[in-house]
Amino acid sequence: LANNDLRNLLNSTQIPTIFLDNNLIIKRFTDQIATIFNLISTDVGRPITDIVSRLQYDRLAQDVRTVLETLTFQEQQVRTADGRWFTMRIMPYRTMENRIEGTVITFIDITQLKEMETLQKEKEHLRLLTTVVKDASDAFVLQDLEGKILAWNRGAERLYGWSEEEALGQSIFLIIPEAQREEYVQQLELLRKGETLGPVKSERQTRQGTVVAVTSSATSLTYADGQTIAIAVIDRVA
């Protein structure tokens, strides 16, 4: 009865948890641990080192041994192969007699927090870039991967006629003539893949409907891992 109560209590926390003895042998685990380790009930009694893990982290066994030696908990942020993030905490397992008989490992899902951190870094990166080119004489337009305008400098205001307030949030097609749009969509697809285009001669349209010839350069803005986050376009009157 006590075992059943303990199992139900642990599973009700919805926290992936695994208990190991002093030899890294699996003693018990919660159902949620299946999101991280390929564990089934018959794996109780096997070493954790024999179990296939989805973690992109190869120091788990080493960290567990360190906790057993120092009796000090360890905490790491770890990632799984499917892109989820967890705070992994390894703690000594103490009995009622205050003996250490292994470790308890818990995994707290922090995927949403990581996504928010990434978004904040992205916004700060784009804000700094926009500040640098704000007063440039050439038209600078920053757009997201779907073509929505994120930044619009004074050069763009002078060339195209729309104020920054009016342009932000609009589609990039605001300045792309109808005849150029199919070609621009093709270019946008290449830019999403991280390529750089230009300088090339092209045409843009102003608020008054006038079509102007420009020399246009476009580049993808990426993180260190190659992920494209936005596209920067610089237009100059040809």
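What share of the 238 residues of the chain counts as buried? The figure is 38%. Keep in mind that this is a predicted model.

**Whole chain.** Start with a cartoon view. Six helices and 10 strands should appear. Switch to the surface next. The accessible area is about 13,900 Å², and carbon and sulfur atoms own 51% of that. For a contact map, take pairs with a separation of 6 or more: residues 24 or more positions apart supply 39% of those contacts.

**Salt bridges.** The whole structure holds nine. Three stops follow.

**Stop one: aspartate 138 and arginine 236.** Select both side chains. They form a salt bridge, 2.7 Å from N to O. Aspartate 138 sits in the loop between helix H3 (111-133) and strand S6 (139-143), while arginine 236 belongs to strand S10 (residues 228-237), so the pair links parts 98 residues apart in sequence. Now check the cover on the acid. Aspartate 138 has a relative accessible area of 18%, which makes it buried, as the cut-off is under 20%.

**Stop two: arginine 192 and glutamate 189.** Move to helix H6 (residues 181-192). Both residues lie in this helix, three residues apart, or about one turn. Their side chains meet in a salt bridge at 2.8 Å, N to O. Arginine 192 is partly exposed at 28% relative accessible area. Glutamate 189 is partly exposed too, at 37%.

**Stop three: glutamate 101 and arginine 99.** Select this pair last. A salt bridge joins them, with the closest N and O atoms 2.9 Å apart. Glutamate 101 is partly exposed, with 28% relative accessible area. Arginine 99 is partly exposed as well, with 44%.

How values were computed: Residues numbered from 1 in each chain as written. Predicted model: local features only at pLDDT ≥ 70, side-chain atom pairs only at ≥ 80, totals over all residues. Heavy atoms only, no water. Helix = DSSP H or I, 4+ residues; strand = E, 2+ residues; numbered from the N terminus. Buried < 20%, exposed > 50% of the residue type's maximum accessible area, 1.4 Å probe, protein only. Contact = heavy atoms within 4.5 Å. Areas by Shrake-Rupley, 256 points an atom, 1.4 Å probe, with all protein chains shown as cover. Salt bridge = Lys/Arg side-chain N within 4 Å of Asp/Glu carboxyl O.
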